[in-house]
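The following exercises concern cysteines and strand pairing. Please study the sequence and the structure before reading each solution.

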Amino acid sequence: MSDWIDITALDAIPQRGARLVKTAHGCVAVFRTGADEVYALDNACPHKNGPLAEGIVHGAAVTCPLHNWVISLETGEVQGNDEGQVATYPAKVEDGRVLLDASFLTRRAVA
């Protein structure tokens, strides 16, 4: 059974944008695509810990603002010739609100 945490209104995140969410278990980047899908990933790029929440969202991917690494919002995998992965977290929209799965955030703290 999931315990969902209400993070913000969907409209508070610009389309093809992100918001940084500071939790007791660290920072999570919450992304909104042009199709109003939401994804949550660790905020640090696996290359040089670039702030992914400041990256450019295109389709279901984000480009790191530091060195242009492209990361899938769906899987957290680095695309192209680069290698690496970012942790992803369940996120959903209900009644115009963005929710994150608290149990996954808690597991992240002990990983």
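A disulfide is a pair of cysteine sulfur atoms within 2.5 Å. The structure shown is a predicted model.

**Exercise 1.** Determine how many disulfides the structure holds, and explain why Cys45 and Cys27 form none.

*Solution.*
Step 1. Consider Cys45: the closest cysteine sulfur, in Cys64, is 3.9 Å from the sulfur of Cys45, which is too far for a bond because the cut-off is 2.5 Å.
Step 2. Consider Cys27: the closest cysteine sulfur is again in Cys64, but it lies 15 Å away, so it is too far for a bond.
Step 3. The count of disulfides in the structure is therefore zero.

**Exercise 2.** Classify Cys45 and Cys27 as buried, partly exposed or exposed.

*Solution.*
Step 1. Cys45 has a relative accessibility of 1%, so Cys45 is buried, the limit being under 20%.
Step 2. Cys27 has a relative accessible area of 29% and is thus partly exposed.

**Exercise 3.** State the order of the strands in the open sheet and identify its edge strands.

*Solution.*
Step 1. The open sheet consists of four strands in the order 2-3-4-8, with antiparallel pairing.
Step 2. Strand 2 (17–23) and strand 8 (88–89) each pair on one side only, and they are the edge strands.
Step 3. Strand 8 pairs with strand 4 (residues 38–42) over two bridges; here Tyr89 of strand 8 stands opposite Ala40.

**Exercise 4.** Describe how strand 9 and strand 10 are connected and paired.

*Solution.*
Step 1. Strand 9 (residues 91–94) and strand 10 (residues 97–101) are antiparallel and share four bridges. Val98 in strand 10 is the bridge partner of Val93.
Step 2. The two strands form a hairpin with two residues between them. In the turn, Asp95 has a positive phi of about 55°.

Conventions. Residues are numbered from 1 along each chain as its sequence is written. This is a predicted model: local features need pLDDT of at least 70, side-chain atom pairs count only at pLDDT 80 or more; totals for chains, interfaces and linings use all residues. Side-chain values use heavy atoms; hydrogens and water are left out. Buried means under 20% relative accessible area, exposed over 50%, partly exposed in between (1.4 Å probe, protein chains only). Two strands pair if DSSP finds at least two bridges between them.
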